Amino acid sequence: MDNIVSMNISTLILLLIPLLFSIFMIVSLLHVKKKNQLHTIFIIVFILLALWFIGLIAQIILSNKFNIDPIYFEYFIYVSACFTPVMIFFLAKIFTHTKINIKRLDLLLFVVPILSLIVLWTNDYHHLFYKYYSISMEYSEFGPYMFVHSFYSYALMIIACIMLIKYSIQNSGFFSKQSILIFIGALTPLLVNMAGYAGIISLSVYSTPISFTIGILCFALSAFKLQFFNTTPIALQKIVDRISDGYIIVNEDNRIIDFNLTFLTMLNIHSKIRNKDFYEFVKNSPRKSLVTFSSIEKTFQQIKEKPEQTIVLDQFDSTLNKYFSIEISGIVSNKNLLGILILFKDTTQHMHDLQTISDNQETLMEKERLASLGQLIGGIAHNLKTPIMSISGAAEGLTDLIKEYDSSIDDPEVNSQDHHDIAKDMSTWIAKIKTHTEYMSDVITAVKGQAVTLSNESDISFTVGELLKRVNILMKHELKNAIIYLNISLKTNEDAIIHGDVNSLVQVINNMISNSIQAYGGKPEENIDLIVEIENNNLVISIKDYGTGMPKSVKDKLFKEMITTKGKNGTGLGLYMSYSTIRAHFNGNIAVDSEEGKGTTFRIILPIS
């Protein structure tokens, strides 16, 4: 009697430990804020195990005390025993596919467990499940349906084991910690129960749930302690095998634990490298020119000292004739270094593109200058066409007057007043020709200066202070004559450096100031604001007046063609060529904001280093 009591107490303790563990895991998983399918299936499995142990503990305590047949407790216990294999199958399926959709066909998996419960609960009438029930398996006599139930349960367990073991080998390696835990977890309940049914070992009804608990414990450790499931298994592997960058992961023992297909393809590797020492792999690799042992050893040491950093190495592999950018960083969890990630980016095409751009830089710049000159010539032709036609007309008029004067020399009816009238008409035509030639001269002078600017390459550094000094000196006379005040507002350091031709920039600013003066139409005592400031890493020079402004139709075409609001007093070349100068020589831009009757603001935007 004492031996039986002692054995029952030992069994109770043996069952209480996994029960408490199951309850602990249920509570822990329920506290997870963002649960996925894997969390949910674990909760269900642990609930089934907890109910299983509760039923067994109740069987030990109550069956003897109240003289209840132990088989009646099996009616409750088998709810867990029947459904646990199905849930483990779903666990394996979720694990290998990350997420699954439960279909109607999947519900058929519950048909046999439900039928098993019905057969068990009605066992007294047909004895298809048990012919004779005993807590000790070796004394039990099974009915024919027990073999159906057992075959189905073990089939599900075997399929689940194959799925888990196959996936763990493919993704973690045969000897990884995760794979070893998966092996133990999958095989323990399977081997224990098969050994019991084969009569190799003596089993009781308590052996099966305890072996299941050991298995689920191993899965839980693999999932949550080693964070195996958080890698979103099959989906992640498919993704990383398709990305253009190759990667390799080295654990804390410097062994290769993971890599993607791109890495093998990129480096033309055909040998097995999983679980190899990474240092040995580097030493023996034909890619010695890609990653040197000394650089890797030094970099690994730096990563281990500061795991959060990323170190980039640019290397060229002469055997593959490829350029690589290699990023090495630590894999950190809870401030612990779990491994080192080495990311390989093939930058060969990028390097070739940079070389091509460098080789063709002169050609591209020449094309840009020719394009600007082409636009300039088109504008010149448009602006010179009218005065040339006018001069041609004046020449025809003078020709007619010369003929008229020549025929009147011997005409007695022509008096001196007639000669004076002819001479006056000639002077009128000559004055018109002079006006047109002066206009053409102004156009040619402006074009000549700008053409020289576009054809020269000058890269001179000058300060903002020097620029403003030159503008002030050159515009002083014109501003004084117009009685217009130039208000200079410097909102940055006057020693700020600008790269380019100072004369070209002075010409652009002076042209805009002259336009602002003319915008007042001769009205004195007005202001022009010249503001220099830094915006978004750009030097912005603003010229602002409060004059007549310009209509939207002019503003929209301002930098696309030579257009002016000054009528015959303007050519439109100044602003057009100013824009070309800023684009070609300073890699900058000009923006305009204008409203009729309120004034105009030009903003010269220059990038600064």
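1. Strand 11 (residues 526–535) and strand 12 run antiparallel, joined by eight bridges. This is a predicted model. Glu533 has Val540 of strand 12 as its bridge partner. The hairpin formed by strand 11 and strand 12 has two residues between the strands. In that hairpin, Asn536 takes a positive phi near 50 degrees.

2. Strand 12 also pairs with strand 14. Eight bridges join strand 12 to strand 14, again with an antiparallel run. Asn538 finds its bridge partner in strand 14, at Pro607. Strand 12 covers residues 538–545, and six of its eight residues are buried. The strand is therefore largely enclosed by the rest of the structure.

3. Look next at Thr601. This residue belongs to strand 14, residues 599–607. Is Thr601 buried or exposed? Thr601 is buried, at a relative accessible area of 14%; the cut-off for buried is under 20%. Leaving aside neighbours within four places in sequence, its contacts are Ser542, Ile543, Lys544, Ala591, Val592 and Asp593.

4. Now the approach to strand 11. Helix 18 (502–519) and strand 11 are linked by a loop, and Glu525 sits in that loop. Phi of Glu525 is positive, near 60 degrees, in a residue other than glycine. Glu525 counts as partly exposed, with 47% relative accessibility. Gly521, just after helix 18, also takes a positive phi, of about 60 degrees.

5. Helix 18 itself has 18 residues. From first C-alpha to last, helix 18 reaches 26 Å, close to the 26 Å expected at 1.5 Å a residue. How many of its 18 residues are buried? The count is 14, so helix 18 is largely enclosed by the rest of the structure.

6. Helix 2 spans residues 37–65, which gives 29 residues. Its reach from first C-alpha to last is 42 Å, close to the 42 Å expected at 1.5 Å a residue. Where does helix 2 bend? The bend is at Gln59, by about 30 degrees. Asn67 follows helix 2 and has a positive phi, near 55 degrees.

7. His127 deserves a look at its backbone. Its phi is positive, about 55 degrees, although His127 is not a glycine. His127 lies in the loop between helix 6 (123–126) and strand 1 (130–132). Its relative accessible area is 37%, so His127 is partly exposed.

8. On to the rings. The count comes to 13 aromatic pairs. One of them is Phe90 with Phe110, a stacked pair. The centres are 6.1 Å apart, with 20 degrees between the planes. Phe90 lies in helix 3 (residues 71–97), and Phe110 in the loop between helix 4 (104–107) and helix 5 (111–121). The pair therefore ties together parts that are 20 residues apart in sequence. Phe90 is buried, with a relative accessible area of 5%.

9. Tyr279 and Phe300 form a tilted aromatic pair. Here the figures are 5.9 Å centre to centre and 40 degrees between the planes. Which parts does the pair tie together? Tyr279 lies in helix 12 (residues 278–284) and Phe300 in helix 13 (residues 293–305), so the parts joined are 21 residues apart in sequence. Both Tyr279 and Phe300 are buried.

10. Phe281 is also placed in helix 12. Phe281 is buried, with a relative accessible area of 15%. Not counting residues up to four places away in sequence, Phe281 touches Ile256, Phe263, Ile269 and Ile273. Between Phe281 and Arg255 the separation is 26 residues in sequence, and 9.5 Å in space, C-alpha to C-alpha.

11. Two further ring features are worth checking in the viewer. Which residues form one aromatic cluster with Tyr78? They are Phe129, Tyr130, Phe142 and Tyr145. Separately, Lys432 lies over the face of Trp429, and the distance from the ring centre is 4.8 Å.

Methods. Residues are numbered from 1 along each chain as its sequence is written. This is a predicted model: local features need pLDDT of at least 70, side-chain atom pairs count only at pLDDT 80 or more; totals for chains, interfaces and linings use all residues. Side-chain values use heavy atoms; hydrogens and water are left out. Helices (H or I, at least four residues) and strands (E, at least two) are DSSP runs, numbered from the N terminus. Buried means under 20% relative accessible area, exposed over 50%, partly exposed in between (1.4 Å probe, protein chains only). Contact means heavy atoms within 4.5 Å. Rings of Phe, Tyr and Trp (its six-membered ring) pair if their centres lie within 6.5 Å; planes under 30 degrees apart count as stacked, over 60 as edge-to-face and the rest as tilted. A charge sits over a ring if NZ of Lys or CZ of Arg is within 6 Å of the ring centre and within 35 degrees of the ring normal. The expected span of a helix is 1.5 Å times one less than its number of residues. The bend at a residue is the angle between axes fitted to the seven residues ending there and the seven starting there. Two strands pair if DSSP finds at least two bridges between them.
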